[in-house]
Amino acid sequence: MGAHAPDSDIGLYRTVRLIRRFEERAVELVHSGDVVGGIHPYTGQEAIAAGVCAALRVDDMITSTHRGHGHVLAKGADPARVLAELAGRATGLNKGRGGSMHAADFTLGILGANAIVGANGAITAGAAWAARQDGDDRVAVSFFGDGAVNQGVLLEAMNLAALWRLPVLFVCENNGYATTLTVGDAVAGTITGRGAAFGIPSVAVDGMDPRTVLAAAGEAVDRARAGGGPSLVECLTYRFDAHHTWEHKARVRYREDDEVRSGRERDPVEIQGARLAGGERERVDAEVESVVDAAVAFALDSPHPDPAGALDHLYATGMRARPGGGG
C-alpha cells in the first residue's frame, strides 16, 4: 500500500488506519455469520503493531497472540488473505485452517499467532537463537498481553534470552485487562520489573502514540541487531472493543461506560492522523477503504476448503494421516 516508508508519519497512519478499518469490517462479518466463532478485536491498540513493525526489516520475525490481526497486517501480510483466513476460506494465509488466532506467513517473518497465553515467548527465543546460529542479524519480536506476564513459559523465555543475549524484543501490550481481570488484581510488582529481574533493559511507554512506540522499538531493535541482547517494552494501551466478540451478545459488565469513554479519548488513529498535512489523511483513508473493500470481496468470493483434504498438512514431510486412525 503506497510508496511511503512504514516508519514515516504517513506510513504509520496508513498502518493504524488499515488495522482499524480491517477490524471494524471483520466484526461486521462476525455479526453476519461469515466469520464463524468470533474474533478478539485489536481496536484501540493499533499504535503498538504499527510502531513496532515499522522498526523491523521484512526478514525479521514476529510471534503474536490471540489478538493478532494488527501485528500480522503491520508486518505486511495481504489484508485479503488475512480476512479470507478469518472466514475459513481456502485462499487464506493458512488455507482456512488457522482462523483468527493462528495466522502465519513465514515469507514475511510471521511465525504465527498463538492462542495459548504466553506461549509464543519460547518460540520467539528459539527463532532468535536459530537466526544467530545461522550467522545472520535478524531480530525476533514476541507480542504478548499483560495477562501473560505471570506465565512460566514467558519468564523462562526471558531468562534464556538474557543468558544467551538473544536478539529478542519482548513487547507487552498492557491494556489493563486479562479478559475481565484487571492488572491490579493479577500482577504483583511491575511488568517492567519482570524484565529487569533478568537484567533485560525494560521501559514502559505510551502505547497509544505510534511515534513513541516506534522510538522505543527502534532503539531496542538496534541494540538486539548489534548483539546487545533482549529488551522489554511495555506499551500502555486501552482496548476499545470487547475482549472477544462473544461479549457483543453476552453483554458482560466488567468496565464502566465512563471508563471506556475515557479510554477512547486518546485514539491512535486520531493521534497519528493529526500529524498529516493537507489532504494526505483523506487520500490515505480512501486508499485504505479501497483495500479493505477488496479484501472483503476476496474473502467472501473465495471457496471453503475441500473437506476431503482435512488431514492434509499435518506432517512436514507431507505424509498423510491414516483415515479413521485413533490416537
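The dialogue below walks through several features of this predicted model and how to read them.

User: What should I know about the numbering and the model before I start reading?

Analyst: Residues are numbered from 1 along each chain as its sequence is written, and in this predicted model local features need pLDDT of at least 70, side-chain atom pairs count only at pLDDT 80 or more, and totals for chains, interfaces and linings use all residues. Side-chain values rest on heavy atoms, with hydrogens and water left out.

User: Which residues does UniProt list for the domain?

Analyst: UniProt positions are given in the numbering used here, feature names are shortened, and annotations may be inferred rather than shown by experiment. In this case an unreviewed UniProt entry lists residues 15–307 as "domain: Dehydrogenase E1 component". That span is 45% helix and 11% strand, and its end C-alpha atoms lie 35 Å apart; helices (H or I, at least four residues) and strands (E, at least two) are DSSP runs, numbered from the N terminus.

User: How do I read strand pairing, and which strands pair with β2?

Analyst: Two strands pair if DSSP finds at least two bridges between them. Strand β1 (residues 61–63) runs parallel to β2 and is joined to β2 by 3 bridges, with Ile62 standing opposite Val141. Strand β3 (residues 168–174) also pairs with β2 in the parallel sense, over 6 bridges, and here Phe143 of β2 stands opposite Val171. As a general idea for following side chains along such elements, they alternate between the two faces of the sheet in a regular strand.

User: Why is β2 described as largely enclosed?

Analyst: Buried means under 20% relative accessible area, exposed means over 50%, and partly exposed lies in between (1.4 Å probe, protein chains only). In strand β2 (residues 140–145), 5 of the 6 residues are buried, so the strand is largely enclosed by the rest of the structure.

User: What unit do β2, helix α6 and β3 make?

Analyst: A crossover is right-handed if, with the strands pointing away from the viewer, the path from the first strand over the helix to the second runs clockwise. In this model β2, helix α6 (residues 152–163) and β3 make a right-handed β-α-β unit.

User: Which residues make the nonpolar surface patch?

Analyst: Patches are made of residues with over 30% relative accessible area and no salt bridge, where like charges are joined within 9 Å and nonpolar side chains (Val, Leu, Ile, Met, Phe, Trp, Tyr) within 5 Å. Accessible areas come from the Shrake-Rupley method with a 1.4 Å probe, and for residues only the protein chains shown count as cover. Trp129, Leu160, Leu163 and Trp164 make a nonpolar patch of about 410 Å². Among them, Leu160 sits in helix α6 and counts as partly exposed, at 32% relative accessibility.

User: Where are the residues with a positive phi, Thr179 and Arg251?

Analyst: Most residues other than glycine have a negative phi. Thr179, although not a glycine, has a positive phi of about 60°; Thr179 is found in the loop between β4 (177–178) and β5 (181–182) and is partly exposed, with a relative accessible area of 38%. Arg251 likewise has a positive phi, near 55°, and lies in the loop between α10 (247–250) and α11 (257–263), where Arg251 counts as exposed at 64% relative accessibility.

User: How many salt bridges does the structure hold, and what does the one between Asp9 and Arg211 tie together?

Analyst: Side chains of opposite charge can pair when their charged atoms come close. A salt bridge is a side-chain nitrogen of Lys or Arg within 4 Å of a carboxyl oxygen of Asp or Glu, and the structure holds 20 salt bridges. In the one between Asp9 and Arg211, the closest N and O atoms are 2.6 Å apart. Asp9 lies in helix α1 (residues 9–32) and Arg211 in helix α9 (residues 210–225), so the pair ties together parts that are 202 residues apart in sequence. Asp9 is partly exposed, with a relative accessible area of 24%, and Arg211 is partly exposed, at 41%.

User: Is Asp209, the partner of Arg275, buried or exposed?

Analyst: The side chains of Arg275 and Asp209 meet in a salt bridge (2.8 Å, N to O). This pair links distant parts of the chain, 66 residues apart, with Arg275 in the loop between α12 (268–273) and α13 (280–301) and Asp209 in the loop between β6 and α9. Asp209 counts as buried at 10% relative accessibility, whereas Arg275 counts as partly exposed at 26%.
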